[in-house]
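Q: I'm new to this structure and would like a close look at one part of it. Please pick a single helix, take me through it slowly, and then work outwards to what lies around it.

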Amino acid sequence: MNDKLQQAIQTVKARFEVEEHTFSDEHSLIILPKDLAAICQVLRDEFQFNMLSSLTAVDYWPEGEPRFHVVYQLYSIDDNITLRLRAAVPGDDPTVPTIEGLYPNANWHEREIWDMFGIEAEGHSDMRRILMPYDWEGHPLRKDYPLGYEEVQFTFNADEIDRKKPYVKE
Amino acid sequence: MVQLQEVTLDELKHLVSDRAIQGETMLLNMGPQHPSTHGVLRLMLELEGETVINCVPDIGFLHTGIEKNMEAKRYEQAEVMTDRLDYLNTVGNNLAYCLAVEKLVGLDVPPRAQVIRVILAELQRIASHLVWLGTQSLDLAAMSMFLYCFREREVILDILELVSGQRMMTTYIRPGGLWRDVPKEFYAAVEDFLAYFPARIEQYHGLLTKNPLFIDRTKGIGVISAEDAIAWGLTGPTLRGSGVDFDNRVARPYSGYEEYDFEVPTDTAGDVFARYICRMEEFTQSLRIIEQGLEKLKELEGAPVRSNNRKFVPPPRSELGTSMEALIHHFKLWTDGFDAPAEYVYMPVSSPRGELGVYLEGDGGNKPYRVHWRTPSFIHLQALPVLSEGLLVADLVAIIGSIDIVLGDSDR
């Protein structure tokens, strides 16, 4: 492992409550959402992680506890090292602090995870949907959101489906 | 019936200045059906006269839910959708996805397959840059460039058709290698292209690079500093135009790019013209890579193009008649696919537009649990307001061309 990356991981581990995960030479730190902004600040200012490569989320419904992981892929152009942060977000209060003050391109990414997962970035300047229409209901990339096929009606669920789609009989 | 709701613009008020609300400046809608927005991109412009005070991009018109759909398909089925993301870089998308799958399951790729992957990815890069050059010039009123570029692009699409049977949606690169080896005609077709294309690059330079009309429209327009470009996450030629020497082919090499001798062109001005120069130089560099690739390919004549790991890659058809084991593997892979561990990987590659990253997470089963595409167009579009502030509407058109967006790439 790169010395600087090792140093960065050690520093974050010493100052915050984190859990390390390594697979295929990629290093991830599983963190608490409340520490996110502080950890990003440390990594950006002290270890020159100057680019937010990617920001996304994963939904572990129904097994997962906490339900979501918000995944931040940080990259340092000068040292050519990558570090991934995973903020574990509970399902009943899905919020993470915004990091658009540190990485301006987090703005659209955070709008996207709001749009797709319903995870709100607290303190975000422009919390609107980005990919789905503005009046869309639900958050499509959640695992409890169906893929959109027609449900087949059988005797046991006919009434239930009728209730959900009253316009069919009009 | 679906109820129509009354919509107010209250929730958009924070995006514009107070002067717009009082009616001192004009709000103008550009797109989504506008020839200069390169697809279905809508921009809400706040204008004072012809000066852009603020620009609010509105995307999502081409959202196709590919990330959600991929979760419902097996690993090898989901690959077909990757072509449809960035439809100018189909081979590159296949490559990024296959590399991510290979990283997740720990699959090796034979050297010959890697060389063919590199050659095709570079041909695709040239084809994509040709579309960029044609549309950028068309936006700046150089009509004939568009026709020339599409003529040359056609030659590359013919090569793709030769190897895969498809001009655009190739799905030729597969996890563990390729669909099949290239046909014999491939060498001659690529050599013809290598012989013919350098003169065309000269012609483009002759038509544009010293053309005063083109220079007036591009020099000093859409300037972004290196620090800002990094902070906004810009990559590829858009970042290199600001003087940052960064390319994933060099920084984090994949598919054996470290064995090729090529340069990463940079420029320092950070304007539309600098980005134009970087991409024009990339034509030459891609040709160099393809030339070296062809040499390597001839040395590896007859070598396998698919991994021999039968747990992930189907056996060749010829073995099915004689080997029971091959038949079982064939049946298992085509009905049930392969399982990947419950882990996650991020695979960045260098697409023609910038860093294309695939975040892939498995859950132990045969379908991806989550696929996220870090697409350069999405991130570059976000920087559009910064690039265009204080310039004219006509300059905005040049800037949109210069960040080389594909809306299928940004909306996914």
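A: Here is a walk along one helix, followed by its surroundings and then the other chain. A quick word first: this is a predicted model, in which local features need pLDDT of at least 70 and side-chain atom pairs count only at pLDDT 80 or more, while totals for chains, interfaces and linings use all residues. Residues are numbered from 1 along each chain as its sequence is written, with chains lettered from A and ligands numbered from 1 in the order in which they are written.

Let's take helix H4 of chain B, residues 90–105. Helices here are DSSP runs of H or I with at least four residues, strands are runs of E with at least two, and both are numbered from the N terminus. H4(B) has 16 residues, and its end C-alpha atoms sit 23 Å apart, which agrees with the 22 Å it should span at 1.5 Å a residue. (The expected span is 1.5 Å times one less than the number of residues.) Just past the end of H4(B) comes Gly106(B), with a positive phi of about 70 degrees.

Now, is H4(B) buried or exposed? Of its 16 residues, 16 are buried, so the rest of the structure largely encloses H4(B). Buried means that 20 or more other C-beta atoms, placed from the backbone, lie within 10 Å of the residue's own; 12 or fewer makes a residue exposed, and anything in between partly exposed.

One contact partner of this stretch is Gln124(B), which lies in helix H5 of chain B. Gln124(B) counts as buried because it has 27 C-beta neighbours inside 10 Å. Skipping neighbours within four places in sequence, Gln124(B) is in contact with Asn89(B), Thr90(B), Val91(B) and Gly92(B); "in contact" means C-beta atoms, placed from the backbone, within 7 Å.

Next, the largest nonpolar core. A nonpolar core is a set of buried Ala, Val, Leu, Ile, Met, Phe, Trp, Tyr and Cys residues joined through C-beta atoms within 7 Å. This one has 150 residues, and Val70(A) and Ala100(B) touch the most other members. Helix H5 of chain B, residues 111–139, gives the most to this core, with 14 residues.

H5 of chain B also turns up further along, at helix H7 (residues 185–209): it is among the elements that cover the buried residues of H7(B), as are helices H6 (143–164), H8 (212–218) and H12 (272–299) of chain B. Those buried residues are Val190(B), Phe197(B), Tyr204(B) and Leu208(B). H7(B) has 25 residues and reaches 35 Å from first C-alpha to last, close to the expected 36 Å. There's a kink of about 30 degrees at Phe197(B), shortly before Pro198(B), taken as the angle between axes fitted to the seven residues ending there and the seven starting there.

Finally, over to chain A. Val70(A), apart from neighbours within four places in sequence, is in contact with Ala57(A), Ala87(A), Val89(A), Val96(A), Ile113(A) and Ile119(A). Chain A has four helices and seven strands, and buried residues make up 38% of its 170 residues. Where the chains touch, 35 residues of chain B are in contact with 31 of chain A. On the chain B side, strand E7 gives the most, with four residues.

Definitions and conventions:
Contact = placed C-beta atoms within 7 Å.
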